[in-house]
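Biologist: Before we rely on any label attached to this model, I should like to hear the grounds for each one. May we go through them in turn?

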Amino acid sequence: MHIQEQKAILRRAMKQRIASHQQLQNNKQEEASALQLLIQEPHYQQSTSILAYAALPGEFSVDQLIQQALEVGKKVFLPKSYPKDCSMEFHRLKNHLPYSQQVVYGSYGIREPDSTLEKYQESDKTLILVPGLAFTRTGQRLGRGKGYYDRFLGRLHTHNCSFMGVCYQWQIVEQLPTEETDIQLDFLLTPQELIYCKNNFI
């Protein structure tokens with residue numbers, strides 16, 4: 001079976017699993033638990049820029065993480081997507097305003113920042129929070145199939161950037177079909193644990 005077919009089958013299975021867990025999602029305590037793990041992590045502490053995301057239904061919310069990062073003075077960026085070419089750019093939120101006041105619903109019903117806000121330019125030490133449908137402990141990720149994140153992450157210089165998948169514990173699977181264009185994550189954050197995906201990354 002072709003890898004794309006395998007991925008399509010897994011996406012359908014994970015979306016069914018997400019639907020079955022719907023009533024357990026958006027748990028503020030789980031968000032708080034993940035936040036406590038993250039703020040103790042040296043790569044987070046040393047990062048001056050955080051590229052976050054506004055969660056879709058079924059994705060782990062990082063709203064508390066965004067607000068905390070804004071309050072401690074980090075540069076926080078959110079993505080704005082461009083469906084015509086499946087690309088996205090990240091724009092900086094203002095630290096003195098609440099996160100919820102700086103987004104509007106854009107493509108795919110996702111909360112997005114104003115495109116007139118400062119665009120992310122790779123220079124500072126950056127931590128990138130990455131959503132997805134499924135992940136492995138070795139850093140593989142199954143996205144929604146459009147390639148937005150793989151294209152964006154693939155153009156970054158990894159010595160400046162760390163890639164962190166964020167998910168519920170039940171989104172971790174044993175293995176995933178992968179292609180050369182799939183980007184490997186450096187670590188994985190759940191409410192229960194922080195997983196280092198690469199042996200040389202600690």
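Biologist: Why is Ile9 called partly exposed?

Modeller: Buried means under 20% relative accessible area, exposed over 50%, and partly exposed in between (1.4 Å probe, protein chains only). Ile9 has a relative accessibility of 40%, and therefore counts as partly exposed. Ile9 lies in helix α1; helices (H or I, at least four residues) and strands (E, at least two) are DSSP runs, numbered from the N terminus.

Biologist: How confident is the predictor in α1?

Modeller: This is a predicted model, in which local features need pLDDT of at least 70, side-chain atom pairs count only at pLDDT 80 or more, and totals for chains, interfaces and linings use all residues. Residues are numbered from 1 along each chain as its sequence is written, and side-chain values use heavy atoms, with hydrogens and water left out. The pLDDT is the predictor's confidence in each residue, from 0 to 100. Helix α1 (residues 3–20) has the lowest mean pLDDT among the elements, 85, and strand β1 (residues 49–51) the highest, 97. The mean for the protein chain is 88, and 94% of its residues reach 70 or more.

Biologist: Which residues of helix α4 are buried?

Modeller: In α4 (residues 63–71), they are Leu65, Ile66, Gln68, Ala69 and Leu70. Their cover includes α2 (28–39), α3 (42–46) and β1.

Biologist: What is found just after α4?

Modeller: Gly73 follows there, with a positive phi of about 90°.

Biologist: How far apart are Ile9 and Val62 in space?

Modeller: Their C-alpha atoms are 27 Å apart, and the two residues are 53 apart in sequence.

Key
Contact means heavy atoms within 4.5 Å.
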